[in-house]
Amino acid sequence: MCGAQTQYNISDHIDLRYGYIEGMGQLCSPCYQGSGRSHILIDYRTIFDTPNDMELGRKIRSAYFKETGIVPSVYWETISVDK
Ligand SMILES: [Zn+2]
């Protein structure tokens with residue numbers, strides 16, 4: 001999650017690694033142990049079914065708000081197109 005190098009190679013079997021989470025990948029031990037970081041899982045389908053990165057970002061952010069129960073204090077205005 002933080003991008004730190006771990007002691008594992010990509011060829012190491014996942015059953016032999018510490019901190020590997022299926023669907024998420026290899027975490028370093030501070031991230032795996034959750035020292036000040038937490039995670040949400042994003043379904044593969046959400047990623048594959050959302051080719052637009054901006055839209056994917058919005059979906060991930062709203063999943064985060066839903067997961068944490070946080071109500072964002074700032075909303076983007078909806079852009080309306082005048083005809
Ligand atoms: Zn980490």
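pLDDT is the predictor's confidence in each residue, on a scale from 0 to 100. I began there, as this is a predicted model, and I found that the protein chain has a mean pLDDT of 83, with 84% of its residues at 70 or more. I then looked up how the confidence is spread over the elements, and noted that it is lowest in helix α1 (residues 29-32), at a mean of 80, and highest in helix α2 (residues 44-48), at 94. I keep a general caution in mind, that predicted coordinates should not be read in detail where pLDDT is low.

Next I turned to the layout. I counted three helices and two strands in the protein chain, and from the N terminus on I read their order as β-β-α-α-α. I also looked up burial and contacts for the chain: 4% of its 83 residues count as buried, and among the contacts with a separation of 6 or more, 25% join residues that are 24 or more positions apart.

I then checked helix α3 (residues 53-68), whose 16 residues should span 22 Å at 1.5 Å a residue, and I found its end C-alpha atoms 22 Å apart, which agrees. I looked for buried residues among the 16 of α3 and found zero, so I entered this helix as lying largely in the open. Just after α3 I came to G69, and I noted that its phi is positive, near 75°.

Last, I looked at two residues in the segment before β1. I placed I10 in that segment, and I entered I10 as exposed because it has 6 C-beta neighbours inside 10 Å, where the cut-off for exposed is 12 or fewer. From I10 to Q26, 16 residues away in sequence, I read a C-alpha to C-alpha distance of 9.0 Å.

I found Y18 in the segment before β1 (20-21) as well. Because Y18 has 13 C-beta neighbours inside 10 Å, I entered it as partly exposed. For Y18 and T6, which are 12 residues apart along the chain, I noted a C-alpha separation of 9.7 Å.

Note on methods:
Residues are numbered from 1 along each chain as its sequence is written. This is a predicted model: local features need pLDDT of at least 70, side-chain atom pairs count only at pLDDT 80 or more; totals for chains, interfaces and linings use all residues. Helices (H or I, at least four residues) and strands (E, at least two) are DSSP runs, numbered from the N terminus. A residue is buried if 20 or more other C-beta atoms lie within 10 Å of its own, exposed if 12 or fewer, and partly exposed in between; C-beta atoms are placed from the backbone. Two residues are in contact if their C-beta atoms, placed from the backbone, lie within 7 Å. The expected span of a helix is 1.5 Å times one less than its number of residues.
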